[in-house]
Amino acid sequence: MAIREVIKMGHPTLRLVAKELEEDEVKSPWFQELITDMRETMKACGGIGIAAPQINESFQTAIIDLPEESDRYPDAPESHEYIIVNPKITLLNEEKQTFWEGCLSVPGLRGQVTRPAKIRIDYKDENFVDQSIELEDFLATVFQHELDHLFGELYVDKVVNNSLTYEEEFAQFHTEV
Ligand code: NI
């Protein structure tokens with residue numbers, strides 16, 4: 001168990017399509033350790049999600065966990081912990097939504113991203129059992145942000161409204177009280 005280094009934008013691993021996991025891999029101690037490291041690293045950084053490629057492990061797994069109180073995302077709703085393996089996203093309608101996003105691999109910045117507002121994700125859980133969830137609102141954005149990491153994409157590729165902003169200026173000019 002360890003807090004791992006979070007690799008940053010420019011590191012080639014962040015631009016790879018990560019490898020799908022096999023059942024025997026997910027049921028191995030190696031996977032348990034990977035998830036533990038991801039969880040500890042995410043919590044140490046104050047993140048609400050982390051994908052394996054962000055700790056330089058190019059595999060299709062991510063954790064999403066919106067805590068009761070997050071310093072980085074004070075307005076975010078609470079969730080339980082989701083462990084996602086080999087996800088497939090389906091859009092459920094044409095509706096879009098725009099939220100401010102940040103990323104542990106792009107420290108110090110925030111930007112607005114427009115994404116589909118209602119999605120279904122079919123995935124395997126940490127026991128390699130099939131799961132399916134429908135998501136909307138901020139949680140739909142959080143999942144899409146994390147799952148983008150499994151396919152070599154970063155939110156900064158998708159920023160809208162010329163909104164890319166340093167965190168200090170974000171706090172000064174872009175948070176409504
Ligand atoms: Ni990210």
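Is Asp-37 buried or exposed? With a relative accessibility of 4%, Asp-37 counts as buried. In these terms, buried means under 20% relative accessible area, exposed means over 50%, and partly exposed lies in between, using a 1.4 Å probe and protein chains only.

Good morning. Before I continue, a word on the source. The model is a predicted one, in which local features need pLDDT of at least 70 and side-chain atom pairs count only at pLDDT 80 or more, while totals for chains, interfaces and linings use all residues. Residues are numbered from 1 along each chain as its sequence is written, and side-chain values use heavy atoms, with hydrogens and water left out.

Let me stay with Asp-37 and turn to salt bridges. Side chains of opposite charge can pair when their charged atoms come close. A salt bridge here is a side-chain nitrogen of Lys or Arg within 4 Å of a carboxyl oxygen of Asp or Glu, and the count comes to 15 salt bridges. In one of them, Asp-37 meets Arg-4, at 3.0 Å from N to O. Asp-37 lies in helix α2 (residues 29–45) and Arg-4 in the segment before α1 (23–26), so this pair ties together parts that are 33 residues apart in sequence. Helices (H or I, at least four residues) and strands (E, at least two) are DSSP runs, numbered from the N terminus. Arg-4, at 25% relative accessibility, is partly exposed.

Helix α2 also contributes Lys-43 to a second pair. The partner of Lys-43 is Asp-65, and their closest N and O atoms are 3.3 Å apart. Asp-65 sits in the loop between β2 (61–64) and β3 (82–91), 22 residues from Lys-43. Lys-43 is exposed at 51% relative accessibility, whereas Asp-65 is buried at 13%.

A third pair joins Glu-167 and Arg-110, at 3.4 Å from N to O. Glu-167 belongs to helix α4 (residues 167–173) and Arg-110 to strand β5 (residues 106–116), 57 residues apart. Glu-167 is partly exposed at 29%, and Arg-110 is buried at 6%. Finally, Glu-101, Arg-115, Asp-148, Glu-153 and Lys-158 form one network through salt bridges that share partners.

I now move to the metal site. Which protein atoms are the donors of the nickel ion? They are SG of Cys-103, NE2 of His-145 and NE2 of His-149, lying 2.1 to 2.3 Å from the ion. Donors are N, O and S atoms within 2.8 Å of the metal (3.2 Å for Na, K and Ca); water is not among the atoms, so sites may look incomplete. Along the chain, the donors follow the spacing C-x41-H-x3-H. Cys-103 is buried at 3% relative accessibility, His-145 is buried at 7%, and His-149 is buried at 1%.

Cys-103 also appears in the search for disulfides, defined as pairs of cysteine sulfur atoms within 2.5 Å. How many disulfides does a search of the whole structure find? The search finds zero. For Cys-45, which is in no disulfide, the nearest cysteine sulfur is that of Cys-103, 11 Å away. Cys-45 is partly exposed, with a relative accessible area of 33%.

I thank you for your attention.
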